[in-house]
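Hi,

Here is the structure I promised to pass on. Have a look at it first, and then read on for what turned up.

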Amino acid sequence: MRREDFPILNEKVHGRELVYLDNAATTQKPQVVLDAIVEGYSKWNANVHRGVHHLSQVATEKHEQARKKVAEWLNAVAEEVIFTKGTTDSINMLARSFGDAMVNEGDEIIVSQLEHHSNIVPWQMLCERKKAVLKVIPLREDLSIDIEAYKGMLNERTRLVSVAQVSNVLGIINPVEEIIRYAHAKHIPVCVDGAQSVPHLAVDVKKMDCDFLVMSAHKMYGPTGLGVLYGKKEWLDQLPPAEGGGEMIEHVRWDKTTYNVLPYKFEAGTPNYIGSYAFSKAIEYVQEQGIDDIARHEEELVEYIEERLSGLKHVKIYAAGQKKAGAVSFNVYRVDGGLIHPFDVGVLLDRQGVAVRTGHHCAEPLIEHLGVPGTLRASVGLYNTKEDIDKLIAALERAIMMLE
Ligand code: PMP
């Protein structure tokens, strides 16, 4: 994989070579994406859709081509691809739109114990608004989703299931196809949080048969401030817009406003057209590398992290040995069995140029379930190497020596 395409990886941190292992939080950007942002603002910046002038038409064309690129990437059609600000925004939009139209008092929404806060809090807020009930799929001993318990939770009051395809804390790949199959057998739609899966695995919304899928561009080598809400056309046609404003209307009259066609009905205001263009370049970049090759490379790295970590004394790996994509969570213990706070370890790794994430990773209910104040998480991207992992382990050994 082409490390040299990512200029930031040449930066020094505290005088050390940067070892960037915080890709689950955000990925670095290849030169083609950086160039696309500069190109957009310096060559064809103009507001999209409304202008007859040349620049506006060029910007519109680039933005709509980007939508087609996302659709191709996910195996959707362009009108099913709604651009948002990110995964969080996508879920909030869905909770408002779907929630307003489909959820009533006493209805149930199902999420799992290992969700990111952004796949919990919008549903909690909806449940509060509608006096509905948020149900939580428990985890088995090995931290995988308890499918048997889940099956028993689906009933005639269930309105929606929303689960992550890949856990941002544990890296575990959840059996979303199975989750969808059981929900669909009872005509219940499913939203898949693809924030941690789309950058690491080939995701095909048709094959998966999810009703909605959400993701963030910045986690797949694209710009921040851009995300996607994919929805099956049958759903998007019948759901109301989540936000009002320009772009999303057909006509505005004092007595009644009519809405635009898909996907614009869900895109109020000026969209992030430079971001969408830059993201299309990120997708092209990933396509050139090949998502299957990326997946294989990252799987090897994740296995290597686990192998090297398990060679260290007093390190606990969470969900060790399970099939993962991108991330490994672990903690370090003193000889006397006491937990060394992950922040302390993280700070010492940082001083050695190694960037990992520490804390609750925006998944407090899962961290509480693990019974620790947080974890250390090493997460990889296509540019990481075994050498990076060796540097992580060497830095960790030094940190442990200092803290024990
Ligand atoms: N869901 C998951 C599984 C995530 O990992 C993240 C980001 N850590 C989010 C949702 C939220 O994404 P964003 O902050 O880009 O909206």
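What is the order of the strands in the open sheet of seven strands? It runs S4-S10-S9-S8-S7-S5-S6, and the pairing is mixed. Before you go further, please keep in mind that this is a predicted model.

The edges of that sheet are strand S4 (81–84) and strand S6 (133–137). Each of these two has a single partner strand, so one side of each has no neighbour in the sheet. Going from one strand to the next, the twist averages 20°.

Further in, strand S5 (residues 108–112) pairs with strand S7 (residues 158–164) in the parallel sense, over three bridges. If you want a spot to click on, take Glu-108, whose bridge partner in S7 is Thr-158. Helix H6 (residues 176–185) packs on the sheet as well, where it touches S7 and strand S8 (190–193). The direction of H6 makes about 165° with that of S8.

The loop between H6 and S8 is worth a look, as His-187 sits there. His-187 has a positive phi of about 60°, although it is not a glycine. For background, most residues other than glycine have a negative phi, and most peptide bonds are trans. The second half of that brings up another spot: a cis peptide bond joins Leu-262 and Pro-263, with omega at about -5°. You will find Pro-263 in the loop between strand S12 (257–259) and helix H9 (273–289).

Now for the domains. The domain assignment splits the chain into domain 1 (3–22 + 290–403) and domain 2 (44–288). Their centres, taken over C-alpha atoms, are 29 Å apart. Across the boundary, 34 residues of domain 1 are in contact with 29 residues of domain 2.

Two helix pairs are left. Helix H3 (residues 87–102) and helix H4 (residues 121–130) have axes that come within 9 Å and cross at roughly 25°. H3 and H4 are therefore roughly parallel to each other, and their crossing is right-handed. On the H3 side, the residues that meet H4 are Ile-91, Asn-92, Leu-94, Ala-95, Arg-96, Gly-99 and Asp-100. Their counterparts in H4 are Pro-122, Trp-123, Leu-126, Arg-129 and Lys-130. By class, the contact of H3 with H4 has six nonpolar, two polar and four charged residues.

The other pair is helix H11 (residues 342–351) with helix H13 (residues 386–403), whose axes come within 9 Å and cross at roughly 125°. That angle makes H11 oblique to H13. The crossing of H11 and H13 is right-handed. H11 brings Asp-344, Val-345, Leu-348 and Leu-349 to the contact, while H13 brings Leu-392, Ala-395, Leu-396, Ala-399, Met-402 and Leu-403. Sorted by class, the contact of H11 with H13 holds nine nonpolar residues, no polar ones and one charged one.

Cheers

Conventions. Residues are numbered from 1 along each chain as its sequence is written. This is a predicted model: local features need pLDDT of at least 70, side-chain atom pairs count only at pLDDT 80 or more; totals for chains, interfaces and linings use all residues. Side-chain values use heavy atoms; hydrogens and water are left out. Axes are lines fitted to C-alpha atoms, for helices over the stretch in contact, and angles run from 0 to 180 degrees between N-to-C directions. Helices (H or I, at least four residues) and strands (E, at least two) are DSSP runs, numbered from the N terminus. Angles under 35 degrees count as roughly parallel, over 145 as roughly antiparallel, 65 to 115 as roughly perpendicular and the rest as oblique. A crossing is left-handed if the near helix is turned anticlockwise from the far one by less than a right angle, and right-handed if clockwise. Contact means heavy atoms within 4.5 Å. Ala, Val, Leu, Ile, Met, Phe, Trp, Tyr, Cys and Pro count as nonpolar, Asp, Glu, Lys and Arg as charged, and the others, Gly among them, as polar. Two strands pair if DSSP finds at least two bridges between them. Domain bounds come from an automatic or database domain assignment.
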